[in-house]
Amino acid sequence: MNFFFKRLLDICLATLLVIPATILIFLMSFWIKLDSPGPSIFRQVRVGRNQKHFTIYKLRTMDYNTGDCASHEASSLQITKVGKILRRTKIDELPQIWSIIFGHMSFVGPRPCLPMQVELIKARAEKGVFSVLPGITGPAQIANVDMSQPELLANIDGQYIVEQSLSRDLAYIWATAFGKGAGDAVK
């Protein structure tokens, strides 16, 4: 799919969603603060297009002192009460709309990994996955494949690169919006 048209779709969708998303982020931030101490926005360095690092922003769903680790390496006991709801509804992903506007992410693409996930980075590099912007959702998320399975994830991401199209991207967005995909697993 032409990068220009994909980027145009991202900008149009993000522009439509930015005001309602910002209002919801603001409201959820208060709820997070009532539920647990610490900032309501979580930020973490991730690996993006061409293996360039960028900072991702999400609504915080885990205890503030969880540390900098992949979700599948964290304990489910570290997820806050509000965090369980935010993860299940995917509302925790809303701040990533700003990453789309600034050109670090797309709505659809491979989930951005952590710089310390060396095995996944190597497998993705071999499949050409870093040639596209990472996304909020994509085929691996819909299939409930997370970063704990680096080879399988890289294969799915690589296949997405080969088969990506506007209609597939819209189908992934639609499926995610209506509850498909469980998100990253925790222990």
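Show the molecular surface first: in this predicted model, the accessible surface of the chain comes to about 9800 Å², and 64% of that belongs to carbon and sulfur atoms. With the surface still on, colour the charged side chains, of which 21 are positive and 15 negative, the centres of the two sets lying 4 Å apart. Buried residues account for 48% of the 187 residues in the chain.

**The whole chain**

Switch to a cartoon, where 7 helices and 4 strands come into view. Following the chain along its sequence, you will meet them in the pattern α-β-β-α-α-β-α-β-α-α-α. The radius of gyration is 16 Å, close to the 16 Å that the globule rule gives for 187 residues, so the chain is as compact as a globular protein of that length. If you align the view on the principal axes, the C-alpha atoms fill a box of roughly 45 × 35 × 30 Å. Drawing contacts between residues at least 6 apart in sequence adds a further view of the fold, since 72% of them join residues at least 24 apart.

**The cores**

Next select Leu59, Leu86, Ile97, Ile100, Met105 and Phe107, the residues with the most contacts inside the largest nonpolar core, which has 25 residues. The elements that give two or more residues to this core are helix H1 (3–35), strand S2 (53–59), helix H2 (81–89), helix H3 (96–101), strand S3 (106–108), helix H6 (150–163) and helix H7 (166–177). H1 supplies the largest share, with 6 residues. To inspect one of the core residues in its surroundings, centre on Ile97 and, leaving out residues up to four places away in sequence, look for its contacts with Ala14, Leu17, Val18 and Ala21.

A second core, separate from the one just visited, has 10 residues, and to find it you can select Phe130, Ala140, Val145 and Ile156, which are among them.

**Helix H3 and the loop before it**

Stay with helix H3 and select Ser99, which lies in that helix and is buried, with a relative accessible area of 3%. Apart from residues up to four places away in sequence, Ser99 touches Thr55, His104 and Met105.

Then step back into the loop between H2 and H3, where Asp92 has its place. Is Asp92 buried or exposed? Asp92 is buried, with a relative accessible area of 4%, and beyond its neighbours within four places in sequence it is in contact with Lys58, Leu59, Thr61, Leu86 and Arg87.

Lys90 is found in the loop between H2 and H3 as well, and deserves a look at its backbone: its phi is near 70 degrees, a positive value in a residue other than glycine. For context, most residues other than glycine have a negative phi.

**From Lys90 to the segment after H7**

With Lys90 still selected, add Lys180, which is found in the segment after H7 and touches Lys90, Ile142 and Ala175, again not counting residues up to four places away in sequence. Lys180 is partly exposed, with a relative accessible area of 46%. A distance label drawn from Lys180 to Arg111, C-alpha to C-alpha, should read 15 Å, for two residues 69 apart in sequence.

**Strand S4 and the loop after H5**

Move now to Gly135, in strand S4 (residues 135–137), where the relative accessible area is 0% and the residue is buried. Which residues does Gly135 touch, not counting those up to four places away in sequence? The contacts are with Met105, Ser106, Phe107, Val108, Gly109, Pro110, Arg111 and Pro112. Ile91 is 44 residues from Gly135 in sequence, and their C-alpha atoms are 15 Å apart in space.

Continue to Asn144, in the loop between helix H5 (139–142) and H6. Asn144 has a positive phi of about 60 degrees although it is not a glycine, and it is partly exposed, with a relative accessible area of 44%.

**Last stop: the loop between S2 and H2**

Finish at Met62, whose place is in the loop between S2 and H2. Met62 counts as buried at 10% relative accessibility, because buried means under 20% relative accessible area. A final C-alpha to C-alpha distance, from Met62 to Val82, should come to 9.0 Å, with their positions 20 residues apart in sequence.

Technical notes
Residues numbered from 1 in each chain as written. Predicted model: local features only at pLDDT ≥ 70, side-chain atom pairs only at ≥ 80, totals over all residues. Heavy atoms only, no water. Rg over C-alpha atoms; globule rule 2.2 N^0.38 Å. Buried < 20%, exposed > 50% of the residue type's maximum accessible area, 1.4 Å probe, protein only. Contact = heavy atoms within 4.5 Å. Areas by Shrake-Rupley, 256 points an atom, 1.4 Å probe, with all protein chains shown as cover. Lys, Arg positive; Asp, Glu negative; His and termini not counted. Charge placed at Lys NZ, Arg CZ, Asp CG, Glu CD. Core = buried A, V, L, I, M, F, W, Y, C linked by side-chain atoms within 4.5 Å.
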